[in-house]
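Student: Got a minute to walk through a model with me? I'd like to go piece by piece.
Tutor: Sure, put it up.

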Amino acid sequence: MMKKNSWRSRLFVALVLLFNYLPIFIVVLYSFNASKYGNWAGLSLQWYEKLMGNAQILRSLKNSLLLAFSSCALSILIGTAGAVGMARSHFRTQNLLENVSMIPMMLPEIILGMAYLSFFSILKVSFGMVTLIIAHVTFCIPYIFINVQSRLAGLDPAYVEAARDLGASPTRAFWDVTLPLISPAITSGALLAFAMSMDDVVISFFVTGTTSNTLPLQVYSMLKMGVTPEVNALCTLMLLAVFAALGLYALLRRVLRKRA
Amino acid sequence: MPQSILTLQNIHKSFDGATVLDGISLSVEAGQFVTLLGPSGCGKTTTLRIIAGLEQPDEGAVILGGADVTRLPPEKRAVNTVFQNYALFPHMNVHRNIAYSLRLRREKKDVIDKRVEELLSIVQLEGYGRRMPAQLSGGQRQRVAIARALACDPQLLLLDEPLGALDLQLRRQMQVELKALQQKLGITFIYITHDQEEALNMSDLIAVMNGGRFEQIGSPEDIYERPATRFAAQFIGQSNILEGTVKQAMEGRAQVELCPGNFVTVNGDFAPGERIALSVRAERIDYGNAAQYGFHLTGAIKLHSYIGGVLRTTITLPTGQELLITGANPVSTYPAGCTVQVFWDPAVAAVVERGRAQGAR
């Protein structure tokens with residue numbers, strides 16, 4: 001039965017993969033195209049060279065990295081503290097908190113973006129890096145929170161009890177035992193959050209200022225002029241970064257599962 | 001009189017309204033091997049956690065080495081625990097696991113290294129310091145957990161079913177080793193198990209627990225030969241419980257009627273009319289056609305079954321009750337269906353209940 005259908009199922013898988021990755025593959029391919037137009041004129045790295053010389057793009061890359069790193073760092077602090085605090089609360093409160101904390105992940109981004117826009121306008125906060133960071137932190141926290149929270153839920157309380165039994169204060173037991181055991185979860189959550197922050201367009205669009213263009217926003221505005229091979233090159237680089245982050249994430253998940 | 005190292009005074013504990021410990025008291029002398037024996041859910045783990053400070057009693061006091069530690073957190077008590085699943089820190093190697101409490105005390109590195117080596121040799125794991133817990137077998141993890149708990153020379157070592165995860169052969173071997181270790185170190189052990197063989201084999205003192213109370217506290221011999229309650233008799237070993245009414249009471253002896261016309265002799269002082277329940281161990285009952293001890297019951301052999309080492313015989317009494325008898329002889333001279341006399345030495349029967357009104361139970 002399996003044997004008979006195996007070529008068909010293989011074809012099906014191949015079609016799905018083709019459908020998913022063909023556009024991406026073409027963008028990557030054309031970023032190495034020597035010609036500026038749709039025809040193929042041999043391999044070239046000229047678009048990457050041009051990209052590196054584009055001050056606007058470099059500035060937005062710097063902005064994006066700054067934004068992703070700082071929002072990740074802040075959400076690590078808040079998300080981890082939240083998850084640890086929640087693990088110590090009553091389980092009914094836990095259920096409620098868990099659901100509430102998931103909402104930002106489920107809401108359509110455009111609604112979140114609009115909410116931030118009007119919220120910051122009401123407070124008369126000037127738009128720029130600060131508003132970007134605040135907005136990104138709010139949608140990054142759930143990734144850390146959920147990862148850490150599920151790790152904590154699966155953590156045998158006997159580890160901390162053993163540390164206490166051996167003479168550690170509650171704080172000391174947290175640093176020596178809990179934190180090392182949840183750190184893979186923190187890192188994997190942070191990688192996911194980093195990837196989300198790096199490629200966010202919609203929310204950033206609503207809360208950015210004039211001097212704080214991020215990379216995705218830069219790509220978006222460049223596209224208004226038409227698809228240049230330079231955009232292809234930029235997309236390829238961003239893809240590389242995102243794949244690297246996701247690869248690292250998958251690796252960490254495996255380590256985490258082995259430990260548990 | 002030896003000094004008591006641990007005293008539990010009337011400890012009560014309930015979780016979400018369900019009573020787990022219902023007023024338990026215990027006094028442990030220094031150097032004793034004490035076992036809390038009982039079925040799962042009887043409150044033995046909670047008792048251990050209260051001694052360790054991982055749980056707070058609702059009422060009562062924990063006195064350790066003369067000082068009241070009831071409200072002290074676990075890190076301030078000179079008590080260490082070997083956890084049920086060992087709870088070795090998975091991110092630390094064996095050396096760091098064992099050294100953890102010493103490092104918290106800010107001991108010097110060479111002092112720590114020396115002590116860890118010493119402990120590794122005590123538990124026969126020399127050279128394992130650099131292994132991670134995940135690379136160890138169950139028995140090895142267990143030894144590391146013991147070494148870690150011993151690192152700071154606790155006054156009291158608590159062990160929560162430490163052999164529960166091991167296979168039978170390793171269990172037996174570890175029982176012997178643990179007992180030898182306890183005698184060598186002279187540390188007081190409080191040991192939890194639901195395994196009666198383990199308890200009888202290792203302990204100086206056994207506290208039989210059931211439903212959040214101590215049913216009986218005594219030496220293994222006391223517990224086995226002279227069970228104080230019906231539960232203690234039935235939980236440990238194979239017991240036959242016989243109920244009857246005292247018909248004739250004499251000095252130190254009584255005739256007890258199980259059902260009309262069937263009497264047994266019981267040692268002890270009783271009042272006529274008293275209801276009592278007797279426990280007689282399966283291996284202490286004899287049967288045949290020449291009753292000794294001046295009394296016998298008449299019963300029909302229902303079944304013989306050879307269970308390896310002993311022959312288990314079921315005999316139906318006129319009361320309808322079935323007696324379970326074990327004998328060392330693998331073949332019985334009386335085939336199933338025979339009517340025989342059943343008797344035992346009154347000295348081996350224990351009275352586990354008395355004074356109940358007729359009809360109770």
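Tutor: Start in chain B: strand β3 (residues 33-37) and strand β8 (residues 188-193) pair in the parallel sense over five bridges. Strands here are DSSP E runs of at least two residues, helices are H or I runs of at least four, and both are numbered from the N terminus. Two strands pair if DSSP finds at least two bridges between them.

Student: Before we go on, what kind of model is this, and what pLDDT do local features need?
Tutor: This is a predicted model: local features need pLDDT of at least 70, side-chain atom pairs count only at pLDDT 80 or more, and totals for chains, interfaces and linings use all residues. Residues are numbered from 1 along each chain as its sequence is written, with chains lettered from A and ligands numbered from 1 in the order in which they are written.

Student: Okay. Back to β8(B): which residue there is the bridge partner of B:L36?
Tutor: B:I192.

Student: What sheet do they sit in?
Tutor: An open sheet of six strands in chain B, in the order β6-β7-β8-β3-β9-β10. The pairing is mixed.

Student: Which strands stand at the edges?
Tutor: β6 (79-82) and β10 (213-218) of chain B. Each has a single partner strand, so one side of each is left without a neighbour in the sheet.

Student: And the twist? By how many degrees are neighbouring strands turned on average?
Tutor: By 20 degrees against each other, direction ignored. Axes are lines fitted to C-alpha atoms, for helices over the stretch in contact, and angles run from 0 to 180 degrees between N-to-C directions.

Student: Which helix packs on that sheet?
Tutor: Helix α4 (residues 138-150) of chain B, which touches β6 and β7 (156-160) of chain B. The direction of α4 makes about 175 degrees with that of β6(B). Contact means C-beta atoms, placed from the backbone, within 7 Å.

Student: Now the other open sheet, the one with β1. What's the strand order?
Tutor: β2-β1-β4-β5 in chain B, four strands with antiparallel pairing. β2 (18-29) and β5 (67-68) stand at the edges, each with a single partner strand, so one side of each has no neighbour in the sheet. Inside, β1 (residues 4-15) and β4 (residues 59-64) share five bridges. B:L6 stands opposite B:L64 in β4(B).

Student: Where are the domains of chain B?
Tutor: Domain 1 is 4-227 and domain 2 is 238-354. Those bounds come from an automatic or database domain assignment. The C-alpha centres of the two domains lie 40 Å apart.

Student: What does β19 of chain B pair with?
Tutor: β19 (residues 339-343) runs antiparallel to β15 (residues 286-288), joined by three bridges. B:Y287 has B:V342 as its bridge partner. β19(B) also pairs with β16 (residues 297-306), antiparallel, over four bridges. There B:G299 partners B:V340.

Student: Switching to cores. How many residues are in the largest nonpolar one?
Tutor: It has 134 residues, and B:I190 and B:A207 have the most contacts inside it. A nonpolar core is a set of buried Ala, Val, Leu, Ile, Met, Phe, Trp, Tyr and Cys residues joined through C-beta atoms within 7 Å. Buried means 20 or more other C-beta atoms within 10 Å of the residue's own; 12 or fewer is exposed, in between is partly exposed, and C-beta atoms are placed from the backbone.

Student: Which element gives the largest share?
Tutor: α8(A), with 13 residues. Domain 1 and domain 2 of chain B both give residues to this core, so it lies between them.

Student: What does B:I190 touch?
Tutor: Leaving out residues up to four places away in sequence, B:V28, B:V34, B:L36, B:L48, B:I51, B:L156 and B:L158.

Student: And chain A itself?
Tutor: Chain A has 11 helices and zero strands. Of its 260 residues, 32% count as buried. The C-alpha atoms fill a box of roughly 70 × 65 × 30 Å along the principal axes.

Student: How many residues does each chain put into the contact?
Tutor: 15 from chain A and 16 from chain B. On the chain A side, α7(A) supplies the largest share, six residues. By class, that side has eight nonpolar, two polar and five charged residues. Nonpolar covers Ala, Val, Leu, Ile, Met, Phe, Trp, Tyr, Cys and Pro; charged covers Asp, Glu, Lys and Arg; the others, Gly among them, are polar.

Key:
Two residues are in contact if their C-beta atoms, placed from the backbone, lie within 7 Å.
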